[in-house]
Amino acid sequence: MLGWQYKQPAEKISVSVDFTNRMGTSETVSSQTVKAFDKAGTDVSTTLVDSSSSSGKVITAVIKAAGTDGENYDLQFQVTGSSGNIYEEDVVLAVRAETA
């Protein structure tokens, strides 16, 4: 796991993961997916993940203005490299509403 990312339920944010140190020097990204799971392990990707893209070996997911206050979600970033290797990194998305 790479770490934690915090957001409020109404925020739309980008979360990026850099696979440079995991992939071979000449290897490129063939495909990428980003999925989101709640604490029960249910796939909530359509609720939370707006889109994903790659720039070099950095994968960026756009997270929707969604999520339940107090919940932690597992964002799974998966990359298939040009060599056929599959790499995965996880980020915990913590949704917390701030009160004044």
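## Tour of the model, starting at D50

Select D50 first: its relative accessibility is 41%, which makes D50 partly exposed. The model on screen is a predicted one. Now add K12 to the selection. The two side chains form a salt bridge, with N and O 3.5 Å apart. Because D50 sits in strand β4 and K12 in the loop between β1 (3-7) and β2, this bridge ties together parts that are 38 residues apart in sequence. K12 itself counts as exposed, at 55% relative accessibility.

Keep D50 and K12 displayed and select V62, in strand β5. Beyond four places in sequence, V62 touches both of them, and its other contacts are I13, S14, L48, V49 and S51. For a distance across the model, draw a line from V62 to M23: the C-alpha atoms are 23 Å apart, and the two residues are separated by 39 residues in sequence.

**The other salt bridges**

The structure has 3 salt bridges. For another of them, select E89 and R22, whose closest N and O atoms are 2.8 Å apart. E89 belongs to strand β7 and R22 to the loop between β2 and β3, so this pair ties together parts that are 67 residues apart in sequence. Is each partner buried or exposed? E89 is buried, with a relative accessible area of 13%, whereas R22 is partly exposed at 39%.

Next select K39 and E71, whose side chains meet in a salt bridge at 3.6 Å, N to O. K39 is in the loop between β3 and α1 (45-48) and E71 in the loop between β5 and β6; the pair links distant parts of the chain, 32 residues apart. K39 is exposed, with a relative accessible area of 72%.

**A lysine without a salt bridge**

Move to K57, in the loop between β4 (49-55) and β5 (58-63). K57 is buried but has no salt bridge. How far away is the nearest side chain of opposite charge? That side chain belongs to E27, and the distance is 6.2 Å; a salt bridge requires the nitrogen and oxygen to be within 4 Å. Show backbone atoms here as well. The K57 side chain reaches the backbone oxygen of G24 at 2.6 Å, and a polar atom of that side chain lies 3.4 Å from the backbone oxygen of T25. Beyond four places in sequence, the contacts of K57 include V17, D18, F19, T20, M23 and V29.

**The core**

F19, just met beside K57, leads into the largest nonpolar core, which has 23 residues. Select F19, I63, L75, F77 and L93, the members with the most contacts inside this core. Then colour the strands β2 (13-18), β3 (29-37), β5, β6 (72-81) and β7 (86-95), each of which supplies at least two of the core residues. In soluble globular proteins, nonpolar side chains tend to be buried together.

Centre on F77. Leaving out residues within four places in sequence, F77 is in contact with V15, V17, F19, T33, V34, I59, A61, Y87, E88, E89 and V91. E89 in that list is the salt-bridge partner of R22.

**Last stop: a ring pair**

The structure holds 1 aromatic pair. Select W4 and Y6: the ring centres are 6.1 Å apart and the planes meet at 20°, so the pair is stacked. W4 is partly exposed at 46% relative accessibility, while Y6 is exposed, with a relative accessible area of 52%.

Definitions and conventions:
Residues are numbered from 1 along each chain as its sequence is written. This is a predicted model: local features need pLDDT of at least 70, side-chain atom pairs count only at pLDDT 80 or more; totals for chains, interfaces and linings use all residues. Side-chain values use heavy atoms; hydrogens and water are left out. Rings of Phe, Tyr and Trp (its six-membered ring) pair if their centres lie within 6.5 Å; planes under 30 degrees apart count as stacked, over 60 as edge-to-face and the rest as tilted. Buried means under 20% relative accessible area, exposed over 50%, partly exposed in between (1.4 Å probe, protein chains only). Helices (H or I, at least four residues) and strands (E, at least two) are DSSP runs, numbered from the N terminus. Lys and Arg count as positive and Asp and Glu as negative; His and the chain ends are not counted. A polar contact is a pair of N or O atoms within 3.5 Å; within protein, one must be able to donate a hydrogen and the other to accept it, and residues adjacent in sequence count only if both atoms are side-chain atoms. Contact means heavy atoms within 4.5 Å. A nonpolar core is a set of buried Ala, Val, Leu, Ile, Met, Phe, Trp, Tyr and Cys residues joined through side-chain atoms within 4.5 Å.
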